[in-house]
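Colleague: I should be grateful for a close look at one part of this model, namely the metal site and the ligand beside which it is described. Please take the residues in turn and connect them.

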Amino acid sequence: MTSEANKRQPFFYDITLRDGNQSLKKPWNTYEKELIFNHLVELGIQGVEVGFAAASEMDFEACSKLASVAPDNIVISALARCVENDIIKAAESIKAANKRRIHTFIAMSPFNMEYVLNKKPLEVRKQAIEAVQFARKTIGENAQVEFSVEHFGDCGENLDFVIDTLKEIVKAGADVINLPNTVERTRPKTFVDMVERVYNELPKDIIISVHNHNDLGMATATTVESYFAGALQLECALNGLGERAGNTNLYEVAIALHNSGVETGLNLSKIYELALTISDMSGVKIYEKAPLIGPESLAHRSGIHQDGAIKTKDMQKGAYRPIHPSLIGRKDDEKLGFTSQSGKTAIFEIISEAGYPITLQEAQRIAPCAKEIAEKIGELSTKNIIDIYYKQVFNVQGAFKLCKMDKIDNENMNLHFMYHDKEYDIQVLGNGPVDACIKAIQKAGFNCELLHYEQKALNEELMGSGATAMSIMHFKAPNGQTIISRGRDENTVKANIKAIFNGLNIIENMK
Ligand code: KIV
Ligand code: ZN
């Protein structure tokens, strides 16, 4: 394929209402199918396989209903085996649609022809050609006929036979040749090479289509690469619904093509909400790690990833995400969870997000304790992290213990504290309580250099009852680093002194 050919708009053909539906524990009724169909229209889908009309009365009715409400620009298709009755029912069920298509299929893999159909290859060829001729005659010239080689992925050893048959099928009136990897036994490269061969051997006005099941989880890759090998029609399902492990997931293919610079023609911003609706209507839960739509698909737990994610949070391209979530209409942000693998960025983000004051330096100090706990209990909740934050920020344990600070008169203060087991009772003359406390500590022989301090009123509700004042102290540590410590209390003086002792312990613990 030339790079020019790569720019053509893919034709997204939805199979949620047929392949997806037939795999459900409780297939949808007409009303439910119509709801989903309306979402597909809003998504900007180009073709919809509305059902297998001969499967049941309910499916026939659903096909008829959707055909009658379909906008004129959407191809409406019904499935039929290569048997006349199926084809008649399919044509009848979609007669109200403007753009009609019959989709007929038969298996051509040696294994299936022998053990499931119990037919010789030439019998299968004859049946396929006659079915396509019949479908063409039944649906008329102004409509389309799609033919599928069921189990095409397993046709590696008889590919020449399949291609010769397809040439005759095209002459018999098929417009679209669909190549399914019905059971994903064939690896993407092999399958894509087979698709490319068919594309090269059939007339260029024939639409090549792929329909990949996801038994080994490679369907998106196979579909995307098939597009670049010549397939124009991509058969996909919402939420990847479909037989067994499902069909190719439409969202993943659309986004992968979008990321490769291909105009999909779809309203990508509808994806996320649609995924939730489909999960709800099908009863098939979204796997938490499902690409793009899984609740965990925007979560980062390793410290390195958390750091990159936060640094690129507001950018269109993120360090650790394939798209900006808004592209698919997803409003939730990348989420950070704290485990034994996480780091300071997560602590900082989680605490800030919860509305508490914190610096990156404090987050770094808290992280080891949080990691230790997470090693035992797994991911920490926000509440767990807030509890750790309280202890590690406002009640720093260490060698220094404040016992009491008393005002003797307007200028003199007495500070009673302990350093390990030794008690100190020091009286000083100070310019206010902070100055007096620092002087007393220095007088006791400890190095304590206060650079700056400030006080803030606290949101009592957030910070625990009674704590209305918070002091923030900036100390110079012996290694030259500026250390920030905090204290909180209902009394401003007490908040100051607590902040000083927390600072002393932080510096002491650095030794
Ligand atoms: O998986 C398959 O081969 C099919 C065909 C009917 C197209 O669903
Ligand atoms: Zn299928």
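Modeller: Donors are here the N, O and S atoms within 2.8 Å of the metal, a limit that is wider for Na, K and Ca at 3.2 Å; water is not among the atoms, so a site may look incomplete. The model is a predicted one. On that definition, the zinc ion (ligand 2) has as its protein donors Asp 19, through OD, together with His 211 and His 213, each through NE2. These donors lie 2.0 to 2.1 Å from the zinc ion. Along the sequence the donor residues follow the spacing D-x191-H-x1-H. Both histidines, His 211 and His 213, are buried.

The three donor residues of the zinc ion, Asp 19, His 211 and His 213, also belong to the surroundings of ligand 1. Other residues around ligand 1 include Arg 18, His 103, Phe 105, Ser 148, Glu 150, Asn 178, Pro 180 and Thr 182. In terms of secondary structure, at least two residues of this shell come from each of helix 1 (16–22), strand 4 (99–107), strand 5 and strand 6.

Several polar side chains approach oxygen atoms of ligand 1. A polar side-chain atom of His 211 is 3.1 Å from an oxygen atom of ligand 1. For His 213, an N or O atom of the side chain is 3.0 Å from an oxygen atom of the ligand, and for Thr 182 the corresponding distance is 2.7 Å. Ligand 1 taken alone exposes 260 Å², of which the protein buries 94%.

Notes: Residues numbered from 1 in each chain as written. Chains lettered and ligands numbered in written order. Predicted model: local features only at pLDDT ≥ 70, side-chain atom pairs only at ≥ 80, totals over all residues. Heavy atoms only, no water. Buried < 20%, exposed > 50% of the residue type's maximum accessible area, 1.4 Å probe, protein only. Near = heavy atom within 4 Å. Polar contact = N/O pair within 3.5 Å; in protein donor to acceptor, adjacent residues only side chain to side chain. Areas by Shrake-Rupley, 256 points an atom, 1.4 Å probe, with all protein chains shown as cover. Helix = DSSP H or I, 4+ residues; strand = E, 2+ residues; numbered from the N terminus.
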